[in-house]
Amino acid sequence: MDHDEGLVRTLLQEQHPDLAELPLRPVPGGWDNQLFRLGDALAVRMPRTERAPGLLRKELRRLPHLAPLLPLPVPVPVRAGEPSARFPGTWTVARWVPGEPADAVPVTRGDHAAGTLADFLRALHREAPGDAPANPDRGVPLAGFAAGFEEGLELLAAHADPGAVRRVWEDALAAPGPQGPPVWLHGDLHPANVVVADGTLAGVLDFGELCAGDPATDLSAAWLLLPQGAADPFLTAYGRADEAAVRRARGWALLRAAGLIAIGRAGDRGLPGGKPTWGPAGRAALGRVLAHGAR
């Protein structure tokens, strides 16, 4: 469910009156949360799915502690909107991260972005505390997604050799699991969740899937975000991914590419929740991961 500017303005007047007179306008994008630009430096995030308030509460608790450790701007929450009679869910005011979403303006400076992404993930991928949240769909063994992969294979096979897709997937399944402790993960590094400026990565958005687990989930960004030929420079700069982690990461990249293609196809058909820009991003990622896995 989408929200109008009048509701957001009223909530600000009631709970954060010092911000209520700043210019306010809706911003395209967002999945669980609808985004409004608030002045030059802030954004209001309004939940529009059932699970969204819980994701925002997670960000409110965790992101202010992680953000100072990270070398890229992230949307740190600066105010909490409490549930009220007017609106029943948690909402937030966060820092605005300048740039254009990578599904609309892809990365072009591959070597620079590879180093930037490696720096970001090295900083984030530190051992997570025992109370770090788990996530059933991120940072876990790929074997749990076998049925989902078979469903997505039809989509992937429409854009690539199905035999090549299956070989990369089966290689990822056969790879040994992580040897170290669970680390902090962003969990959702796809093109709509990063912003680009001057051809390179300029910020990382949407930490709602933040969790602890296998870093291979995030390493799939080597193919989801970076242009052809940048995966190896990224992996070299990251410096912590053994062969097994790279193999698992390619499997994660296939899963995410299938999801992007599906949402893009829904967008092309005008269906609810569809996003036309996600389809080209997913097809490009599929081509990159297959080229890397075929060597």
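## A look at helix α9 and strand β3

Just past helix α9, Gly-270 adopts a positive phi of about 75°. Keep in mind that this is a predicted model.

Let's stay with the helix for a moment. Helix α9 covers residues 243-268, and at 1.5 Å a residue its 26 residues should span 38 Å; the C-alpha atoms at its ends lie 37 Å apart, which agrees. As for its surroundings, 21 of the 26 residues of α9 are buried, so the helix is largely enclosed by the rest of the structure.

Now over to strand β3. This strand takes in residues 42-47, and six of the six are buried, so β3 too is largely enclosed by the rest of the structure. In a regular strand, side chains alternate between the two faces of the sheet. Here, Leu-42, Val-44 and Met-46 point one way from β3, while Ala-43, Arg-45 and Pro-47 point the other way, and all are buried.

Which strands does β3 pair with? The table shows two, β2 and β5.

| Partner of β3 | Residues | Direction | Bridges |
|---|---|---|---|
| β2 | residues 33-38 | antiparallel | six bridges |
| β5 | residues 91-95 | antiparallel | four bridges |

On the β2 side, Leu-38 sits opposite Leu-42 of β3. The two strands make a hairpin, with three residues between them. Gly-39 is in that turn, and has a positive phi of about 65°. On the β5 side, Arg-45 has Thr-92 as its bridge partner. That same Arg-45 is one of the buried residues of β3.

Conventions. Residues numbered from 1 in each chain as written. Predicted model: local features only at pLDDT ≥ 70, side-chain atom pairs only at ≥ 80, totals over all residues. Heavy atoms only, no water. Buried < 20%, exposed > 50% of the residue type's maximum accessible area, 1.4 Å probe, protein only. Pairing = 2+ DSSP bridges. Expected span 1.5 Å × (residues − 1).
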